[in-house]
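Me: I am new to this structure and would like to learn how to read its features one by one. Could you take me through them slowly, giving the general idea before the case at hand?

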Amino acid sequence: MPTKVLMVCLGNICRSPLAEGIMRQLTTDLAYKIDSAGTANYHTGAAPDPRSVAIAAKNGIDISQQHARQLKHQDLDDFDHILVMDKQNLQDALALCTSEKQRQKIALLNQAAGIKPEEVPDPYYGDQDGFAYVYTLLYHSCSKWLEAHHE
Ligand code: 4NP
């Protein structure tokens with residue numbers, strides 16, 4: 001059975017689509033199934049933010065075909081690991097849980113990867129440099145997380 005990992009942010013248009021693309025690139029083997037979602041439903045069905053698409057493309061990753069979706073209760077059973085970007089995402093994801101087993105699947109990505117800073121900042125209201133920073137941070141944390149959790 002593949003290990004199923006869900007990357008989660010607020011809108012599922014900036015950070016978690018990038019995290020999904022990076023995780024897919026780092027796990028080309030069949031041992032992983034990667035997806036992403038947002039805690040909010042503002043952008044359901046939308047493609048990733050053009051600035052995330054651009055920084056991914058610059059690094060050889062195509063995320064343009066992704067579509068935003070909202071995190072749902074079923075995800076808490078379907079996935080083995082739910083990796084969130086910031087403490088607000090953590091609080092919102094934990095609030096959906098109805099069992100301890102579900103709660104134990106949820107972690108702050110950077111904290112679980114053992115890197116600083118603890119949170120991946122929201123680049124939405126910033127400029128392209130913010131997206132480049134988030135890309136680099138996510139590449140680092142996703143690599144470290146996979147090293148630590150390779151099954
Ligand atoms: P994300 O960024 O959570 O990394 O996808 C955001 C996208 C949209 C909004 C906030 C954050 N928004 O307020 O619409």
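Reply: Let us begin with contacts, where a contact means heavy atoms within 4.5 Å. In the protein chain, residues 24 or more positions apart account for 73% of the contacts that have a separation of 6 or more. Please keep in mind that this is a predicted model, in which local features need pLDDT of at least 70 and side-chain atom pairs count only at pLDDT 80 or more, while totals for chains, interfaces and linings use all residues. Residues are numbered from 1 along each chain as its sequence is written, and side-chain values use heavy atoms, with hydrogens and water left out.

Me: Which secondary structure elements does the protein chain have, and in what order do they run?

Reply: Helices (H or I, at least four residues) and strands (E, at least two) are DSSP runs, numbered from the N terminus. Here the protein chain has seven helices and four strands, and from the N terminus on they follow the order β-α-β-α-α-β-α-α-β-α-α. The radius of gyration is taken over C-alpha atoms, and the globule rule is 2.2 Å times the number of residues to the power 0.38. For the protein chain the radius is 14 Å, close to the 15 Å that the rule gives for 151 residues, so the chain is as compact as a globular protein of that length. Along its principal axes, the C-alpha trace spans about 40 × 30 × 30 Å.

Me: How much of the protein chain is made up of buried residues?

Reply: Buried means under 20% relative accessible area, exposed over 50%, and partly exposed in between, with a 1.4 Å probe and protein chains only. By that reckoning, buried residues make up 46% of the 151 residues in the protein chain.

Me: How many disulfides are there?

Reply: A disulfide is a pair of cysteine sulfur atoms within 2.5 Å, and by this rule the count is zero. C14 is in no disulfide, the nearest cysteine sulfur being that of C9 at 6.9 Å, and C142 is in none either, with the sulfur of C9 again the nearest cysteine sulfur, at 12 Å. Both cysteines are buried, C14 at 4% relative accessibility and C142 at 0%.

Me: Where is P17 found, and which residues does P17 touch beyond those up to four places away in sequence?

Reply: P17 is found in helix 1, which covers residues 15-26, and P17 is buried with a relative accessible area of 0%. Not counting residues up to four places away in sequence, P17 touches N12, S36, P48, I63 and Q66. The C-alpha atoms of P17 and Q65, which are 48 residues apart along the chain, are separated by 10 Å.

Me: N12 appears in that list; what is its phi?

Reply: N12 has a positive phi of about 60° although it is not a glycine. The residue N12 lies in the loop between strand 1 (3-9) and helix 1, and N12 is buried, with 3% relative accessible area.

Me: Is T39 buried or exposed?

Reply: T39 is buried, with a relative accessible area of 15%, and T39 sits in the loop between strand 2 (32-38) and helix 2 (50-58). Leaving aside neighbours within four places in sequence, T39 is in contact with V8, C9, L10, Q70, L71, N89 and D92.

Me: Which residues does a cis peptide bond join?

Reply: A cis peptide bond joins K116 and P117, with omega about -5°, and P117 lies in the loop between helix 6 (109-113) and helix 7 (128-149).
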